[in-house]
Amino acid sequence: MLEIGERPWGKYYVLADEPNYKLKRIEVNPGQKLSYQYHHKRQEQWTVIEGSATVVLEDQEINLEYGESIFIPLGARHRMMNLSDQPVVFIEVQTGTYFGEDDIVRVEDEYDRK
């Protein structure tokens, strides 16, 4: 494990951090959600590997089940939500020119982060 990040909604594990991609395993606790956000320098591909997730992509809600994926284009507003009583786990593949946590622009956040 390259990095483990604790967040109010759950945690993430960085599995690979290469010059042209970053790979994470992300766990979202029951009833929690990530901030509604976008990125200037990366796009993402999410694949659910446990549980049932609700993704908001540009104000449209999309339900994802085990094995289903969604592409998050560069600059698109997005959020992962766990509206169930079971954990949601997904794999995130980031591609682009920069993968730092400071490339998160929060539009809305349940935990008052900026």
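This note goes through a predicted model in numbered points, residue by residue and pair by pair.

1. A good place to begin is strand 9, which covers residues 78–81 and contains H78. The residues of this strand point in two directions, with H78 and M80 on one side and R79 and M81 on the other, and all are buried. For H78 the relative accessibility is 1%, and because buried means under 20%, H78 belongs in that class.

2. What does the side chain of H78 meet in a polar contact? The partner is the side chain of E44, and the distance between the two is 3.4 Å. If residues up to four places away in sequence are left out, H78 also touches a longer list of residues, including Y36, Y38, W46, L57 and I72. E44 appears in that list of contacts as well, together with S35, Q37, H39 and V56.

3. Strand 9 has a pairing partner in strand 6, and the two run in the antiparallel sense, with four bridges between them. Within this arrangement V56 stands opposite R79 of strand 9. A student following the pairing in the picture may wish to recall that V56 is also among the residues touched by H78, and that R79 points the other way from H78.

4. The next residue to consider is Q37, which is found in strand 4, a strand made of residues 36–38. Is Q37 buried or exposed? Q37 counts as buried, since its relative accessibility is 9%. The side chain of Q37 makes a polar contact with the side chain of S35 at 2.8 Å, and another with the side chain of H39 at 3.3 Å. Beyond four places in sequence, Q37 touches A76, R77 and H78, and also I104, V105, R106 and V107.

5. Y21 offers a useful second point of reference, and this residue is found in strand 3. Y21 counts as partly exposed, because its relative accessible area is 31%. Leaving aside neighbours within four places in sequence, Y21 is in contact with A16, Q94, T95 and F99. Although Y21 and Q37 are 16 residues apart along the chain, their C-alpha atoms are separated by 19 Å.

6. Charged pairs deserve a point of their own. Side chains of opposite charge can pair when their charged atoms come close. How many salt bridges does a search of the whole structure find? The search finds eleven. One of the pairs joins the side chains of K24 and E101, with 2.7 Å from N to O. This pair links distant parts of the chain, 77 residues apart, for K24 is in strand 3 (residues 21–28), whereas E101 is in the loop between strand 10 (88–96) and strand 11 (105–108).

7. The two members of that pair do not fall in one accessibility class, and it is worth reading them separately. K24 is buried, with a relative accessible area of 4%, whereas E101, at 28% relative accessibility, counts as partly exposed. Moreover, K24 and E101 belong with R7 to a network of linked salt bridges.

8. A further salt bridge is formed by E58 and R77, whose closest N and O atoms are 2.7 Å apart. E58 lies in the loop between strand 6 (53–57) and strand 7 (60–64), and R77 lies in the loop between strand 8 (69–72) and strand 9, so the pair ties together parts that are 19 residues apart in sequence. E58 is partly exposed, with a relative accessible area of 38%, and R77 is likewise partly exposed, with a value of 26%. R77 has already appeared in this note, as one of the residues that Q37 touches.

9. The side chains of R106 and D109 also meet in a salt bridge, here with 3.9 Å from N to O. R106 is partly exposed, its relative accessible area being 25%, while D109, at 13% relative accessibility, counts as buried. R106, like R77, is among the residues touched by Q37.

10. The last point concerns the surface. Which residues make a nonpolar surface patch of about 320 Å²? The patch is made by M1, I4 and L15. Of these, I4 has its place in strand 1, which covers residues 3–7, and I4 counts as partly exposed, with a relative accessibility of 49%.

Terms used. Residues numbered from 1 in each chain as written. Predicted model: local features only at pLDDT ≥ 70, side-chain atom pairs only at ≥ 80, totals over all residues. Heavy atoms only, no water. Buried < 20%, exposed > 50% of the residue type's maximum accessible area, 1.4 Å probe, protein only. Polar contact = N/O pair within 3.5 Å; in protein donor to acceptor, adjacent residues only side chain to side chain. Contact = heavy atoms within 4.5 Å. Patch = residues over 30% accessible without salt bridge, like charges linked within 9 Å, V, L, I, M, F, W, Y side chains within 5 Å. Areas by Shrake-Rupley, 256 points an atom, 1.4 Å probe, with all protein chains shown as cover. Salt bridge = Lys/Arg side-chain N within 4 Å of Asp/Glu carboxyl O. Pairing = 2+ DSSP bridges.
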